[in-house]
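Visitor: Please take one part of this structure and examine it closely, residue by residue where possible. I should then like to see it set beside other local features of the same chain.

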Amino acid sequence: MRLLMLVALLLPGCAGAATRVGPRDLIEVADFGPPVISPDGRQVAYRVEQASVERNTYDAFWYVQSLEPGALPRRIADGGVVLRDSAGTPLPATVLWSSDGRWVYYRALIDGRLDVWRASTDGAGARPITQDPADVRAFTLSRDGRRLRYSVGATREAVTAAEQAEYDQGVRIDGTVPIGQGLVRSGAVEGRLATQRYAGLWFDRAALLADVPDRWKALDLATGTLAEAEPEPVDGVPDEARIARRFPDAWKTAASFDGRRVAVLTRFGEKDGLQSPPNVRLSAATLDDEGPPVVCTHALCTGQAISAIQWRPGRDEVLFTVTDRLAGGAQSIFRWEVRTGAVHPVATAAGLLNGGREIGSRCGASASMLVCVRASANQPPRLEAIDIDLGAAHVLYDPNGALGHALAMSAPAVVMRWRDARGQVFTGQFYAARSSPGQPAPPLFVNYYLCSGFVRGGVGDEWPFASLAANGISALCINDTPYRLDPLSRYQDARSAVESAVRQLAGEHRIDPHRVGMGGLSFGSEVTLWVAMQTDLLSAASVSSPSVSSTYYLFGSLKGDLFAAGLKELWGLGAPDQMPERWRLLSPEFNVDRIQAPVLFQMPEQEYLPALDYAAELIRRGRADMYVFPNEPHQKFQPRHKLAVYERNVDWFRFWLQGIEDPSPSKQAQYSHWHEMRRQGKAMSAEDSASPRQR
């Protein structure tokens, strides 16, 4: 229905409407999972996921399609509930082909059960292969296609019983319990509201009993016989532990299809304050040969930001992807002939050209073809087939074609590159608001973090850039610089990026430097509040994640030494009472007086409490408004919540930067409160003028 509505905007007589891309259009984009090519190289399987605001859910379907030009996609199965990690990011939808190409195997959460399913590639039907009392964690298929091995943990019944026992008897608080959120069945894990436990250095979460060890089982697909199995290496797939022993310093590895060779990416060079070494080396080795690996020394391999590797099936070639930061994150794919050392370009893109939304995801590969997802700021995701030798490409499936057309007819983004006073280079995607000659320059919204692929609304998808531009507010998404361990250095890099961009755009009369807003998630939230604390640049701000504060420390301190070590490494912080000056420098909690711009907090329920150290005081002073979204993790994902966030952010910046209000009666209370904030802010500004503060 949404696609038909968008197509209608493009029909004759609707040209005016076609210049506006609404928040809902950006939420209901169809996304692709990693494409996987069939053993004979003639077909590709992939999953398409698309949000439905109407039903507040995501539809996911598996497709199979011939690689021949003009072939149509064939829907073969329901993909079930879209699985996510504890931060709300979708997990890759993996699929395995049978050796004869008749079947594909995949995990699917349907009717509360996470099983391995098998679908006929001709569309004849799909059914669950496993019927285990526990959810399937992982699975493999033997090379001959006769045996399916899968792993499980605790049974669903055991997990439910453990949750109920804690509900009945009380939850014992220790370093594993994510305090600061509801403690029983309060967060989404594998498609259900579950009781959670910490499962990593920071605040990653897993379901109760997730620490039960894997138990492997083997299913004979011909007879249905099920037996316990040892976790031995799978046919044709090398032991990961063996690779780790051979290449202990590897950053990324990729095994060949026969399991005998491995390609390796290794980071090297002086860190000079960076979290990771700045350079990347590509090499390859045969696992049975203990000699030194072959290193790619070609100019197209050296000094390049290689972000992904995979072997070309049936060839002694490694396909590698370069992500060019100076080109705004544009990707190119090359092939390296390991024996000769020759390197050849395969394909280039203005944005991502890989297996989905993640920068490091890989295309589907056969001996002759790649199947990749192409996505850039102006190109919503579409699936393409690329001839590896010739570089010729054709579109396989473009479910977002109407949206791409609408973007092209409105205000398409352009890659912006600039330098600050120190000569440091920054890049971003700039969405210019349309304005007529003689009109004042438009205001600007800035987001700082990552701007890869089809950007939509920055990391977390909360600030709809195209919609802001359509409403007269130019938008700039800035790519961050390599991550520095010293927080002052990385915050100052971000501040310099924002200030120099505003200065350049204002000098070109493209924006009004006195009407600038900013927003961000996670590191982007930290940067937004830092700019608000350290400068007078912002007229309004919007954040969705907490920064370091006393409550943040309190909640994390029960995790013990690992949390303390991470806090020390990334912020140089210890306990607040031990390092008060350092905390006063970095935390918004001790800099509330410096934050003069009104701040909109749109927070997930799991993370809003640590922000109250400073947000509550800002709210009390009339300089902030806060909304909290139930059962949401770090990155909110429920479609209705995302629509509310998008629309409120548009309303917020139109109000503070343009003085414009949506006349909808349902929003009267929202604007009444913001008017009161404005009155209170003016009153406090008058007091400040009488008693100026040190800045």
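Guide: The answer starts with one strand and its partners, then turns to two helices, a buried side chain and some backbone angles.

This is a predicted model, in which local features require pLDDT of at least 70 and side-chain atom pairs count only at pLDDT 80 or more, while totals for chains, interfaces and linings use all residues. Residues are numbered from 1 along each chain as its sequence is written, and side-chain values use heavy atoms, with hydrogens and water left out.

The part chosen is strand S33, residues 444–449; helices (H or I, at least four residues) and strands (E, at least two) are DSSP runs, numbered from the N terminus. Of the 6 residues in S33, 5 are buried, where buried means under 20% relative accessible area, exposed over 50%, and partly exposed in between (1.4 Å probe, protein chains only). S33 pairs in the parallel sense with strand S34 (residues 474–479) over 6 bridges; two strands pair if DSSP finds at least two bridges between them. Within this pairing, Asn 447 stands opposite Cys 477 of S34. From S33 the chain passes through helix H6 (residues 465–470) to S34 in a right-handed β-α-β crossover, a label that applies if, with the strands pointing away from the viewer, the path from the first strand over the helix to the second runs clockwise. S33 also pairs in the parallel sense with strand S35 (residues 516–520), over 4 bridges, and Val 446 has Met 518 of S35 as its bridge partner.

Two helices may be set beside this strand. In helix H10 (residues 561–571), Phe 563, Gly 566, Leu 567, Leu 570 and Trp 571 are buried. These residues lie on the same side of H10 because they cover an arc of only 100° around the axis, the arc being that of the directions from the helix axis to the C-beta atoms. The buried residues of H10 pack against helix H7 (487–507), H8, helix H9 (550–557) and helix H11 (580–586), with contact meaning heavy atoms within 4.5 Å. Just after H10, Gly 572 takes a positive phi of about 65°.

In helix H12 (residues 612–620), the buried residues are Tyr 614, Ala 615 and Leu 618. They cover an arc of only 100° around the axis, so they are on the same side of H12. Their packing partners are helix H8 (523–534), strand S37 (599–604) and strand S38 (624–629). Gly 622, just after H12, has a positive phi of about 80°.

A buried polar residue comes next. Gln 331 belongs to strand S24 (residues 330–337) and has a relative accessible area of 0%. Its side chain makes a polar contact of 3.0 Å with the side chain of Thr 323 and reaches the backbone nitrogen of Leu 353 at 2.8 Å. A polar contact is a pair of N or O atoms within 3.5 Å; within protein, one must be able to donate a hydrogen and the other to accept it, and residues adjacent in sequence count only if both atoms are side-chain atoms.

Finally, positive phi values also occur at residues that are not glycine. Glu 190 has one of about 50°; this residue lies in the loop between strand S12 (187–189) and strand S13 (192–194) and is partly exposed, at 32% relative accessible area. Asp 272 has a positive phi of about 50°; Asp 272 sits in the loop between strand S19 (261–268) and strand S20 (279–286) and is exposed, at 67%.
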